[in-house]
Amino acid sequence: MKMKHIMLATTAVMGLAGTVQAENVLRWGAHRDIGSLDPYSYGDSFTINVLNHVYEGLVRYDRDLKIEPALAASWEILEDQVTWRFKLREGVTFHNGNPFTAADVVASLTRVSDETSPLKGNLPAYVSSTVVDDYTVDITLNGTYPLLLNDLTNIHIFDEEWMTENDALMPTDIGAGTEGFATYNANGTGPFIVESRQPDAKTVFVVNPDWWDEARHNLDRIELTPVNSAATRVAALLSGEINFTNEAPVQDLPRLEAAPNVELLEGVDLRTVMIGFPFRETLTTGESNPFSDIKVREALYKAIDLDLIHQKVMRGKSRIAGATVAPPIPGYVETLDDVPDFDPDSAKALLAEAGVPEGLEFEFNCLSDGLVNEEQFCQAIASMWSRIGLAPKLDVAPRAVQSPKRTNGSTDVYTLGWATLPMLDSYSPLLQIFHSKDGNAGVFNWGGWSYPELDALIDAAGSELDFDKRMALQTEALQLVKDEIIMIPLHQQPMAWAVTDEVTEMPLFPDAKPRLWFVNVNPAS
Amino acid sequence: MIAFLLKRTANAVFVMLAVALLAFVIFRFFGDPVEMMVNEQATQADRVELRERLGLNDGFLTQYTRFVTNAVQGNFGISYRNQQDVMVLIQDRLPATFELVLVATVISLLVGIPLGVITAVYRDSRLANALQLGSIVGVSLPSFVVGILLILAFSVSLGLLPAFGRGETVDIGWWSTGFLTPSGRAALVLPAISLSTFQVTLVMRLVRAEMLETLRTDYIKFARARGVPTRRVQWRHALRNCLMPVITLTGMQIGNLIAFALVTETVFQWPGMGMLFIQAVTFVDIPVMAAYLMIVSFIFVALNTVVDITYAWVDPRLRDDTVRAGGANG
């Protein structure tokens, strides 16, 4: 009797909750919301990734993360080596029906590279662009630069007419206190159209029937709901309120695995987790800094039991790394991936040789909301270092608190995860982390090291248009990074998505970005 | 009276300025918004330039003055995270929090008052003892635990009610309400119960204490002697006299409920002001954090000031005392 009541109530509530629809819906429970409907408004990869379903770039990554034509049909480098000519795809229309032409590309590139655009850094070599004819655009760079296509994968193309009509030709500017039309409205060429948006509650996308490309998905709608609390997200998946999440919490994986209606998609992320050292004169304690001695860095490397961290902290789901970039990243070669044997005795001997005093104190800076199980592996490593006679002071706090300390050098040893996004090339960490701090280079060179030989290799790679030659240079640079142990690579971190049995096809990408135009669900009856 | 009014208003302004200073100091040194706003590719020059444009390089006093001047005009600037006007963001979230708090309050009264009467009337019965014991659990269980237990039971196991969100909403002017749609009402149930757990206990215990007191008074004895039915004596005569403090308490607790709502909103992904604040903290969205703190304090300060003035208006003695005491101290 009681059961029957419950069943009746269930059907009643279910019937009321979701309006009956014969539509194929992907209900996506994400770990957070997108910042805005304007992909240029915020240098945030999640927002750009989601809006990539609405807006498209001139080129895009295919299912194997290789660059393929999108809004551009083909391209060539002109004789001056700094101008790239793009032939555009014809017959593409924006969601409002406007045709896509060269003027749209120029207006979009102008917008994204504006002084006040937060995404200016995503197009570092850009100087100017010009319309050649309706379907041809020239982009001029500040020098020979091999990675323009990689950069362009993340530059979304807007409709010039729509931007002009709505006073959205310039990016929104927080400094000037202006909001923009594009923050609340979207008009792209992509496979999905924004139907509605309630910030922090729900954003709905519907299929674009006039998409220029052949649809390989069978979705009619995508409903993106942010669910920050991990426990609630898991509950929503188990109860079928959402049928996809791109952030299945690591601690709940066994539970999700055991659920009959849920399938886990597990893989290894491109993000390499590393430990960095200070190269300054003194430590935060005022003591002189021993870490600039390679023997000391080697000792710390040897004192870390990578297998133990892999087994116990990462539950066997990470991939132990010897290189600072993951295997799929161009520039990686297998010989970079050796790791030294775990050997605390020889570590101790090295420290003694380098004259490091027993019980040396230093700060070890970790994030509580950063990498996968970061707090736990930091604790493990701190205790491993204590065992060889050092006294690391573990400092764990949220990113918001730790970031300023890291960038202005008021900490000693720190963690860093680098996925080479959105470039997907080893040039990214080489330039941003390992190059000397110099203008636009070495932004994440928090330790303050400088290897002129390494800089020369990176600079040469940065203007080498021949792919094979460039890779040779970058591999050589990565080898130098490894030999000098500038940073200690630990592992590539695990990633897990989860879908319910309604979803029949969901490709998992190592850059952790969902590409829902490859998704298929059980057809709605 | 005018002197008193001026005094109270000046006090309120002073408190608000202090809150503004506090909000400003905390958030200004809390973290670095620039680090959260740029991505891996951004260059050092981009960062420096963004910092300059946000005015983070200005002197402390300049920034504080700018903040207060703008805040007085209701202008809290643009959110760093989603580039929208902060006031608009807060205005969007206000209905969600308000409706949640309202329903939680109604639940706490509808459940708490009868339970209070029952435990007082049958004070030594097994039921009353069980309820008393249960109420201890009610106060001691943190509301996020209650929330998660409710989700596990009613969403995951039984599939009866949604685990998160607000369901469909209907816009009436700038107010968006969840009361008018079935899914909106279904979504309200679990978070409202979770938010009201503590409140129910509080109301129940207050009613019980007041009832025990009242039931001993002479007029109740006389009513009984006159032959008024027991039930009527308990639920009409006695209860009525217990409700004044309950109403006062409920009013006072609204501020607390808004504060507790922060936790409940996080668990249930309820798109209210608490969620907005938590998100802002994660992203070091200084304008939103500061505005939230200012608005919540403003509600408290305004309520207190109004209460003080009303009391003074009702009871002139209070007015004189306060003025004199204030003068002596200041």
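# Close-up views of a predicted two-chain model

**View 1. Helix H11 of chain B is largely enclosed by the rest of the structure.** Of the 10 residues in helix H11 (residues 273-282) of chain B, 7 are buried, so the rest of the structure largely encloses this helix. Keep in mind, here and in every view below, that this is a predicted model. Which residues of H11(B) are the buried ones? They are Met273(B), Gly274(B), Met275(B), Leu276(B), Phe277(B), Gln279(B) and Ala280(B). If you follow the chain onward, H11(B) is followed by Val284(B), which has a positive phi, near 50°.

**View 2. Chain B carries several annotated stretches.** An unreviewed UniProt entry marks "transmembrane region" at residues 12-30, 100-122, 143-165, 185-207 and 242-262 of chain B. Two of these are worth a visit. Residues 185-207 of chain B are 100% helix and 0% strand, with 29 Å between the end C-alpha atoms. Residues 242-262 of chain B are likewise 100% helix and 0% strand, and their end C-alpha atoms lie 31 Å apart. The unreviewed UniProt entry also places "domain: ABC transmembrane type-1" at residues 94-307 of chain B. That span is 80% helix and 3% strand, and its end C-alpha atoms are 23 Å apart.

**View 3. Chain B is assigned two domains.** Domain 1 of chain B covers 9-73, while domain 2 of chain B is made of two pieces, 86-271 and 311-322. How many Å apart are the C-alpha centres of domain 1 of chain B and domain 2 of chain B? The distance is 38 Å.

**View 4. Chain A is as compact as a globular protein of its length.** This chain has 16 helices and 19 strands. With 525 residues, chain A has a radius of gyration of 25 Å, close to the 24 Å given by the globule rule, so chain A is as compact as a globular protein of that length. Along the principal axes, the C-alpha atoms of chain A fill a box of roughly 80 × 70 × 45 Å. Of the 525 residues in chain A, 58% are buried. The chain also meets itself across long stretches of sequence: among contacts between residues at least 6 apart, 69% join residues at least 24 apart.

**View 5. Two assigned domains of chain A touch each other.** The assignment gives domain 1 of chain A as 25-261 together with 501-521, and domain 2 of chain A as 270-493. The C-alpha centres of these domains of chain A are separated by 32 Å. At the meeting place, 20 residues of domain 1 of chain A are in contact with 17 residues of domain 2 of chain A.

**View 6. Ala30(A) sits buried in a strand.** Look for Ala30(A) in strand E1 (residues 25-30) of chain A. Is Ala30(A) buried or exposed? Ala30(A) is buried, because its relative accessible area is 0%. Setting aside neighbours within four places in sequence, Ala30(A) is in contact with Phe46(A), Leu224(A), Thr225(A), Pro226(A), Val227(A), Arg233(A) and Asn246(A). Ala248(A) is 218 residues away from Ala30(A) in sequence, yet the two C-alpha atoms are 9.3 Å apart in space.

**View 7. Aromatic rings meet in pairs.** Over all chains, the structure holds 26 aromatic pairs. Why does the pair Phe94(A) and Phe100(A) count as edge-to-face? The ring centres are 6.2 Å apart and the planes stand at 70°, so this pair is edge-to-face; the cut-off for that label is over 60 degrees. Both Phe94(A) and Phe100(A) are buried. Phe291(A) and Phe362(A) form another edge-to-face pair, with 5.1 Å from centre to centre and 80° between the planes. This pair links distant parts of the chain, 71 residues apart: Phe291(A) lies in the loop between strand E12 (262-276) and helix H9 (294-302) of chain A, and Phe362(A) in strand E14 (residues 360-367) of chain A. Phe291(A) counts as buried at 1% relative accessibility, and Phe362(A) is buried at a relative accessible area of 0%.

**View 8. An aromatic cluster and two arginines over rings appear in chain A.** One aromatic cluster is formed by Tyr40(A), Tyr55(A), Phe158(A), Trp162(A) and Phe181(A). Over the ring of Phe158(A) sits the charged end of Arg111(A), 4.8 Å from the ring centre. Elsewhere, Arg63(A) lies over the face of Phe518(A), 5.2 Å from the ring centre.

Terms used
Residues are numbered from 1 along each chain as its sequence is written. Chains are lettered from A and ligands numbered from 1 in the order in which they are written. This is a predicted model: local features need pLDDT of at least 70, side-chain atom pairs count only at pLDDT 80 or more; totals for chains, interfaces and linings use all residues. Side-chain values use heavy atoms; hydrogens and water are left out. Domain bounds come from an automatic or database domain assignment. Rings of Phe, Tyr and Trp (its six-membered ring) pair if their centres lie within 6.5 Å; planes under 30 degrees apart count as stacked, over 60 as edge-to-face and the rest as tilted. Buried means under 20% relative accessible area, exposed over 50%, partly exposed in between (1.4 Å probe, protein chains only). Helices (H or I, at least four residues) and strands (E, at least two) are DSSP runs, numbered from the N terminus. A charge sits over a ring if NZ of Lys or CZ of Arg is within 6 Å of the ring centre and within 35 degrees of the ring normal. UniProt positions are given in the numbering used here, feature names are shortened, and annotations may be inferred rather than shown by experiment. Contact means heavy atoms within 4.5 Å. The radius of gyration is taken over C-alpha atoms; the globule rule is 2.2 Å times the number of residues to the power 0.38.
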